[in-house]
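Dear colleague,

I am passing on the structure we spoke about, and below it you will find my notes on what turned up. Please read them with the structure open beside you.

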Amino acid sequence: MTEGNKSIQSPIILKKTASRLMVILQLYQLKLFGGEVNNLAPMVEDYLKMLSTPIGKQISEELGLAKAEYAKQFITKLARCYHDHNNKVDELLKSEIANYDNEKLNPTCRALLEIAISEMISELTPYKVIIDEYTSLADALLGVQEVGFVNSVLDKVRAKLQPIA
């Protein structure tokens, strides 16, 4: 839906995008400090509790998550999906980036791909929407080359998860 040259998006879509970004950033932070991936869901739950504090409410309002129970539930679902499927996520990601220098993979890009793949595995959202959303997030967070890389990896994972009959 457009109005003039402006694109108008549903508040639910924006909350889901913000939710995805929050989980990506939490995973990035967890890995940056050497945390265990099993701690992502509890870490996200603690983060959501923090959003009920005065400073948390301000952050929540700025991110568009104020009074957005749906967004908080979606954040929790994404974190739990990653927790439940992190071994399969790792296996799929490694198979798709086998020819890519793992050392050169941007940690933010890796976190983005891991959360996207876990969402694909869990089938919370249609694959096309997931690829579009995470490609848009890659565009906002990463360089131009990484956007194509993210799109390519996610499309290949989609093909493995949903082979065309």
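**Confidence and what was found**

The mean pLDDT of the chain is 79, and 80% of its residues reach 70 or more; please keep in mind throughout that this is a predicted model. The part to treat with reserve is residues 1-13, where pLDDT stays under 50 and for which the model has 8 contacts beyond four places in sequence. Where pLDDT is low, the predicted coordinates should not be read in detail.

As for the fold, the chain comprises 7 helices and 2 strands, and, read from the N terminus, these elements follow the order β-β-α-α-α-α-α-α-α. Of the contacts in the chain between residues at least 6 apart in sequence, 71% join residues at least 24 apart. Of the 165 residues in the chain, 39% are buried, while the area that the chain exposes comes to about 9,600 Å², with carbon and sulfur atoms supplying 52% of it.

One residue that I looked at individually is Asn86, which lies in helix H4, spanning residues 69-96. Asn86 has a relative accessible area of 12% and therefore counts as buried, the cut-off being under 20%. A polar atom of the Asn86 side chain lies 3.1 Å from the backbone oxygen of His83, and, once its neighbours within four places in sequence are left aside, Asn86 is in contact with Val37 and Asn38.

With best regards

Definitions and conventions
Residues numbered from 1 in each chain as written. Heavy atoms only, no water. Helix = DSSP H or I, 4+ residues; strand = E, 2+ residues; numbered from the N terminus. Buried < 20%, exposed > 50% of the residue type's maximum accessible area, 1.4 Å probe, protein only. Contact = heavy atoms within 4.5 Å. Areas by Shrake-Rupley, 256 points an atom, 1.4 Å probe, with all protein chains shown as cover. pLDDT = per-residue confidence, 0-100. Polar contact = N/O pair within 3.5 Å; in protein donor to acceptor, adjacent residues only side chain to side chain.
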